[in-house]
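Subject: Structure handover and findings

Hello,

Here is the structure I promised to pass on. Please open it alongside this note, and my findings follow below.

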Amino acid sequence: MNDLGVLIVGAGKIAGRHAAAWQFLTSGRMAVTDAVEARAKHFAESRGIDWEPDPEAALRRPGYEIIDVCSPPPSIHNPNPPHVISVE
């Protein structure tokens with residue numbers, strides 16, 4: 001088992017399956033972030049992982065080697081998504 005850090009972006013339905021898989025595959029730090037802070041907090045607390053209140057800050061923070069984007073298709077295909085994060 002490796003110790004890669006994983007950040008899950010999005011705390012919806014599919015994120016739960018992704019979190020379970022990452023917990024099986026890595027022993028590193030795992031956290032979740034979501035545009036809705038309460039959703040990320042609940043998701044994290046129910047799975048015993050960390051949560052990040054600010055998605056943009058979380059993506060800039062060192063320590064995450066894997067960024068797992070768990071976003072539903074409508075937000076991907078929307079030309080004007082409500083939450084756009086730019087990381088340079």
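Where is the place of Met30? Met30 sits in strand 2. Please keep in mind that this is a predicted model.

**Met30 and the cores**

Met30 counts as buried because its relative accessibility is 7%, and the cut-off for buried is under 20%. Its contacts, not counting residues up to four places away in sequence, are Val6, Ile8, Ala19, Trp22, Gln23, Ile49 and Asp50. Leu7 is 23 residues from Met30 along the chain. Even so, the C-alpha atoms of the two are separated by 5.9 Å.

Met30 also belongs to the largest nonpolar core, which has 13 residues. Ile8, Met30, Val32, Phe43 and Ile49 are the members that touch the most other members. Four elements each supply at least two residues of this core: strand 1 (6–9), helix 1 (13–25), strand 2 (30–33) and helix 2 (37–47). Helix 2 gives the most, with three residues. There is a second, separate core of five residues. Leu7, Val9, Ala31 and Tyr64 are among them.

**Helix 2**

Which residues of helix 2 are buried? Ala40, Phe43 and Ala44 are. They lie on the same side of helix 2, because they cover an arc of only 95° around the axis. These buried residues pack against helix 1, strand 2 and strand 3 (50–52). The face turned away from the buried side carries Ala38, His42 and Glu45, which are exposed. Gly48 follows helix 2, and its phi is positive, near 70°.

**Helix 1**

Helix 1 has its own buried residues: Ala15, Gly16 and Ala19. Their arc around the axis is only 105°, so they too fall on the same side of helix 1. Strand 1, strand 2 and helix 2 are included in what covers them. Exposed residues Lys13, Arg17 and Phe24 are on the face of helix 1 turned away from its buried side. Ala19 of this buried set is also one of the residues that Met30 touches.

**Salt bridges**

How many salt bridges does the count come to? The count is five. Side chains of opposite charge can pair when their charged atoms come close. Three of the pairs are described here, with the closest N to O distance for each.

- Arg39 and Asp34 meet through their side chains at 3.0 Å, N to O. Arg39 counts as partly exposed because its relative accessible area is 41%. Asp34 has a relative accessible area of 7%, so Asp34 is buried.
- Glu52 and Arg61 pair with their closest N and O atoms 2.2 Å apart. Glu52 is buried, with a relative accessible area of 6%. Arg61 is partly exposed, at 35% relative accessibility.
- Glu56 and Arg60 pair with their closest N and O atoms 3.3 Å apart. Both lie in helix 3 (residues 55–60), four residues apart, which is about one turn of the helix. Glu56 is partly exposed at 33% relative accessibility. Arg60 is partly exposed as well, with a relative accessible area of 48%.

There is also a network. Salt bridges that share partners join Arg29, Asp50, Glu52 and Arg61 into one group. Asp50 of this network is also in contact with Met30.

**Asp68**

What is the distance from Asp68 to the nearest side chain of opposite charge? That side chain is Arg47, and it is 11 Å away. Asp68 is buried yet has no salt bridge. A salt bridge needs the nitrogen and the carboxyl oxygen within 4 Å, so Arg47 at 11 Å does not form one with Asp68.

Asp68 does have a polar partner. The side chains of Asp68 and Trp22 are joined by a polar contact of 2.7 Å. Asp68 is placed in strand 4 (residues 66–69). Leaving aside neighbours within four places in sequence, Asp68 is in contact with Leu7, Ile8, Val9, His18 and Trp22. Trp22 and Ile8 also touch Met30, which brings us back to the residue this note began with.

Best wishes

How values were computed:
Residues numbered from 1 in each chain as written. Predicted model: local features only at pLDDT ≥ 70, side-chain atom pairs only at ≥ 80, totals over all residues. Heavy atoms only, no water. Buried < 20%, exposed > 50% of the residue type's maximum accessible area, 1.4 Å probe, protein only. Lys, Arg positive; Asp, Glu negative; His and termini not counted. Polar contact = N/O pair within 3.5 Å; in protein donor to acceptor, adjacent residues only side chain to side chain. Contact = heavy atoms within 4.5 Å. Core = buried A, V, L, I, M, F, W, Y, C linked by side-chain atoms within 4.5 Å. Arc of directions from axis to C-beta.
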